[in-house]
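Q: I am new to this structure. Please pick out one local contact between side chains, look at it closely, and then follow such contacts into the rest of the chain.

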Amino acid sequence: MLQQEISSYLARSGNKQLKVKAFLFDMDGVLFNSMPFHAISWCKAAKEFGLELSEPQVYMNEGRTGASTINELTMKTFGREATEEEMEKIYARKSEIFNACGVAEPMKGAAQLLNAIKERGLKIVLVTGSGQKSLLDKLNRCFPGIFSPENMVTAFDVKFGKPNPEPYLIGLKKAGVQANEAVVVENAPLGVRAGVAAGIFTIAVNTGPLPNEVLSGEGANVVFPSMQYFADHFAEVYNAVG
Ligand code: MG
């Protein structure tokens, strides 16, 4: 399993070997099934402020910080940058609607996968563009003993955010490993782009409505159909990359 994918990773990245010591996990759509709520709340908030946005666009934009998303929508709709005040107001409204959606469930298979990684003594780092307090707080309740502030990169730690490689480069630093000693786990096209740009072997899990080709087109080394599939095949993956 994965031999061909690893070979093409090595050829493209110029690394001699892949020896994985850490897994860098995105949060929304990977650890929590929160994307349907994000899609609903982004579209509703955008509409209230006269901005044009469709649900598939939310999935395409996933991974950007809230401010960057609002700026892009304002550029598209009004042909100008968003003001600080607009960014704050719209993001606050989006968060309000998001929180009213209820609490997103942990993704099926996520706990199984995280525990399997931890059992092997490998490092786990969260790398999310989210600044959503409700979900960050929920990490500890749903995945006890896995996450602490030292192994988390959130919206509060980055300047650029995904699709810039910055968040994953910070993630490598937090894990204390090189790019060829890590795996990125992502569901979003822009998140995959960020992982690939950071020079890291990137596994996409397609947990949303976009076609697999969107994820492989951004450079994902592998596309798995779900987190449960990844968890069930973790031993094989680890044998290949570890
Ligand atoms: Mg995601």
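A: In this predicted model, the side chains of Glu 72 and Lys 76 meet in a salt bridge, at 3.7 Å from N to O. The pair counts as a salt bridge because the cut-off between a Lys or Arg side-chain nitrogen and a carboxyl oxygen of Asp or Glu is 4 Å. Both residues belong to helix α4 (residues 66-78), where they are four residues apart, about one turn of the helix. Glu 72 is partly exposed, at 25% relative accessibility, whereas Lys 76 is exposed, with a relative accessible area of 54%.

Other salt bridges connect parts that are distant in sequence. One of them joins the side chains of Glu 48 and Arg 93, at 2.7 Å from N to O. Here Glu 48 belongs to helix α2 and Arg 93 to helix α5 (residues 84-100), so the pair links parts of the chain 45 residues apart. Glu 48 is partly exposed at 43% relative accessible area, and Arg 93 is also partly exposed, at 26%.

The structure holds nine salt bridges. Among them is the one between Lys 162 and Asp 26, whose side chains meet at 3.0 Å, N to O. Because Lys 162 sits in the loop between β3 (152-153) and α8 (166-175), and Asp 26 in the loop between β1 (22-25) and α2 (35-48), this pair ties together parts 136 residues apart in sequence. Both Lys 162 and Asp 26 are buried. For Asp 26 the relative accessible area is 4%. Glu 186 joins these two residues in a network of salt bridges.

Asp 26 is also a donor to the magnesium ion, through OD. The other protein donors are Asp 28 (O), Glu 62 (OE) and Asn 187 (OD1), and the donors lie 1.9 to 2.1 Å from the ion. Along the sequence, the donor residues are spaced D-x1-D-x33-E-x124-N. Asp 28 is buried too, with a relative accessible area of 7%.

Helix α8 comes after the loop that holds Lys 162. Its buried residues are Glu 166, Pro 167, Tyr 168, Gly 171, Leu 172 and Ala 175. The elements that cover them include β1, β2 (123-127), β3, β4 (182-186) and α9 (189-197). Just after α8, Gly 176 has a positive phi of about 70°.

Aromatic rings form contacts as well. The structure holds 10 aromatic pairs. In one of them, Phe 37 and Phe 98 have ring centres 6.4 Å apart and planes at 75°, which means that the pair is edge-to-face. Phe 37 is in helix α2 and Phe 98 in helix α5, 61 residues apart, and the pair links these distant parts of the chain. Phe 37 is partly exposed at 21% relative accessibility, while Phe 98 is buried at 2% relative accessible area. Another pair, Phe 230 with Phe 234, is tilted, with 6.5 Å from centre to centre and 45° between the planes. Both rings belong to buried residues: the relative accessible area is 0% for Phe 230 and 1% for Phe 234. These two are part of one aromatic cluster that also holds Phe 23, Phe 25, Phe 224, Tyr 229 and Tyr 238.

Phe 98 has a charged partner as well: the charged end of Lys 94 sits over the Phe 98 ring, 4.7 Å from the ring centre.

Conventions:
Residues numbered from 1 in each chain as written. Predicted model: local features only at pLDDT ≥ 70, side-chain atom pairs only at ≥ 80, totals over all residues. Heavy atoms only, no water. Helix = DSSP H or I, 4+ residues; strand = E, 2+ residues; numbered from the N terminus. Buried < 20%, exposed > 50% of the residue type's maximum accessible area, 1.4 Å probe, protein only. Donors = N, O, S within 2.8 Å, 3.2 Å for Na, K, Ca; no water. Contact = heavy atoms within 4.5 Å. Phe/Tyr/Trp six-rings, centres within 6.5 Å; stacked < 30°, edge-to-face > 60°. Lys NZ or Arg CZ within 6 Å of the ring centre and 35° of its normal.
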